[in-house]
Amino acid sequence: MREGLSVAEAQQAVLEATGVLGAETVSAWEAAGRVLAEPVRATRRHPPADCSAMDGYAVRRADLAGASEARPIELPVVFEVPAGGQALRALAAGEAARIFTGAPLPPGADAVVMQEDTRALGGRVAFEVEPDVRAHVRDAGEDFQIGDLLIETGAVLGPAHLGVLASVGRSIVAVHQQPSVALLSGGDELVEPDRVADDGRIVSSNSYTLAAQCREVGARPVYLGIAEDRPDAIEARLRAGLRADVIVSSAGVSVGDHDHVRGVLEKLGCRLLFWGVLMKPGYPLAFGVIESTGTLVFGLPGNPVSTAVTFEQFVRPALRKLMGHRQLFRPVVKARLAASLKKGRGRLHFVRVGLERQGTTLVATPTANQSSGVLTSLIRGQGLAIFPAEADALAAGSEVDVQVIDSSFFERTDRGF
Ligand code: AMP
Ligand code: MG
């Protein structure tokens, strides 16, 4: 087992051990946010036929040569094409047909004149303009033709993708499975939040944070409860998680006397790949694979901020890889640092920062308390500024990379345009 890896080395080790889950078929109605596991080709064309983009009259342009407000041209209205209907017959020279938006253009017609440019006169209509070639006509296949590749494998399905799927008649679609993630909390000091912790015990908040982080990625959390600091208690709960794609345990993987998780994991056939990452918060992190099931196991540090930050750096990219995403990492933006920062060399620090737009620049303000126990600082911070391992100072006003965890600061209270 390797020990004391850099963040980059640890991420690489995690992703090398992580595969991609297989496909399942789901209703397109429920498929928003899922990753497509098949290419989607057009089995029909859209629009299916030349059709009208306006309510008005289908005509043959040659009949209206020279028409103007001063010299309107009158034609008889010989039939009507309602939306969803069909033309009774082809349009002959000297004829007009009433037509509505979305209705197929009658054979013989080559333009539509919108209602506003005409005057209806009983069974006849007066045209006051000469239409352009194929005016107000949507060409058959203008959006796509049979056989066109509409959506590639690996696409993350959004509203437009789902509309396009529907328009080629696809109400079910193959997407990558969503990983199940078994969440274990560990520690004799922990109680569930619905128990009053007035005896100095600590409410187990990590399972709530982790479950929400799983859901945000699209994974399915399963809660294994709180294990007391005894190997048998930890083993019993971890066994219940062996069917999951991923196990995430928080606390109990450092070197304290009561940290038994590592030992139990080895007993359960987990091959530990590394322990300890040169970062802050979050050094005591273990990662391994249960050989018999392929379940990935993350032993995250227990301090709430360390738990959340290490989930972000290691668990989230792995979950995204499992569910077929190609973009595994959060966006990183350049921001101006509002205060100077200092540290010793050797570990990469993820500094919680608030992000604010000031004109065209982003300003990153470190939250007041960077203790790994202060979870409220993550409510105030939308990003993690990268303080590189080998740097020992960052000056106020300098440019830093910030990993954006919460992009809601881009949302606005005013319209903005
Ligand atoms: P440990 O990794 O067991 O040394 O725990 C480090 C710190 O994190 C201790 O202060 C624990 O009380 C706290 N902690 C561990 N697990 C949780 C949890 N599930 N929720 C909140 N705090 C926790
Ligand atoms: Mg503990």
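Buried means under 20% relative accessible area, exposed means over 50%, and partly exposed lies in between (1.4 Å probe, protein chains only). The exercises below concern a predicted model, in which local features need pLDDT of at least 70 and side-chain atom pairs count only at pLDDT 80 or more, while totals for chains, interfaces and linings use all residues. Residues are numbered from 1 along each chain as its sequence is written, chains are lettered from A and ligands numbered from 1 in the order in which they are written, and side-chain values use heavy atoms, with hydrogens and water left out.

**Exercise 1. An aromatic pair**

Classify the ring pair Phe274 and Phe287, and place both residues in the chain.

Solution.
Step 1. Rings of Phe, Tyr and Trp (its six-membered ring) pair if their centres lie within 6.5 Å; planes under 30 degrees apart count as stacked, over 60 as edge-to-face and the rest as tilted.
Step 2. The ring centres of Phe274 and Phe287 are 5.7 Å apart and the planes stand at 35 degrees, so this pair is tilted.
Step 3. Phe274 belongs to strand E19 (residues 270–277) and Phe287 to strand E21 (residues 286–290), so named because strands (E, at least two residues) and helices (H or I, at least four) are DSSP runs numbered from the N terminus. The two residues are 13 apart, and the pair links distant parts of the chain.
Step 4. Phe274 has 0% relative accessibility and counts as buried. Phe287 is also at 0%, and is buried.
Step 5. Phe298 joins Phe274 and Phe287 in one aromatic cluster. The whole structure holds 5 aromatic pairs.

**Exercise 2. Two packed helices**

Describe how helix H3 (residues 206–217) packs with helix H6 (residues 304–322).

Solution.
Step 1. Two packed helices are described by the angle between their axes and the distance between the axes. Axes are lines fitted to C-alpha atoms, for helices over the stretch in contact, and angles run from 0 to 180 degrees between N-to-C directions.
Step 2. For H3 and H6 the angle is about 25 degrees and the axes are 10 Å apart. That makes H3 roughly parallel to H6, since angles under 35 degrees count as roughly parallel, over 145 as roughly antiparallel, 65 to 115 as roughly perpendicular and the rest as oblique.
Step 3. The crossing of H3 and H6 is right-handed; a crossing is right-handed if the near helix is turned clockwise from the far one by less than a right angle, and left-handed if anticlockwise.
Step 4. Contact means heavy atoms within 4.5 Å. On the H3 side the contact residues include Thr209, Leu210 and Gln213, and on the H6 side they include Ala308, Phe311 and Arg316.
Step 5. The residues of this contact divide into 7 nonpolar, 4 polar and 4 charged. Here Ala, Val, Leu, Ile, Met, Phe, Trp, Tyr, Cys and Pro count as nonpolar, Asp, Glu, Lys and Arg as charged, and the others, Gly among them, as polar.
Step 6. Take Thr209, which lies in H3. At 23% relative accessibility, Thr209 counts as partly exposed. Its C-alpha atom is 7.1 Å from that of Ala308, 99 residues away along the chain. Leaving aside neighbours within four places in sequence, Thr209 is in contact with Ala308 and Leu375.

**Exercise 3. Backbone exceptions**

Which residues does a cis peptide bond join, and where does phi take a positive value in a residue other than glycine?

Solution.
Step 1. Most residues other than glycine have a negative phi, and most peptide bonds are trans.
Step 2. His46 and Pro47 are joined by a cis peptide bond with omega about -5 degrees. Pro47 sits in the loop between strand E3 (40–41) and strand E4 (51–52).
Step 3. Lys280 and Pro281 are joined by a cis peptide bond with omega about 0 degrees. Pro281 is in the loop between strand E20 (279–280) and E21.
Step 4. Arg134 has a positive phi, near 55 degrees, and lies in the loop between strand E10 (124–127) and strand E11 (137–138). Its relative accessible area is 31%, so Arg134 is partly exposed.
Step 5. His136 has a positive phi, near 55 degrees, and is found in the loop between E10 and E11. At 30% relative accessibility, His136 counts as partly exposed.
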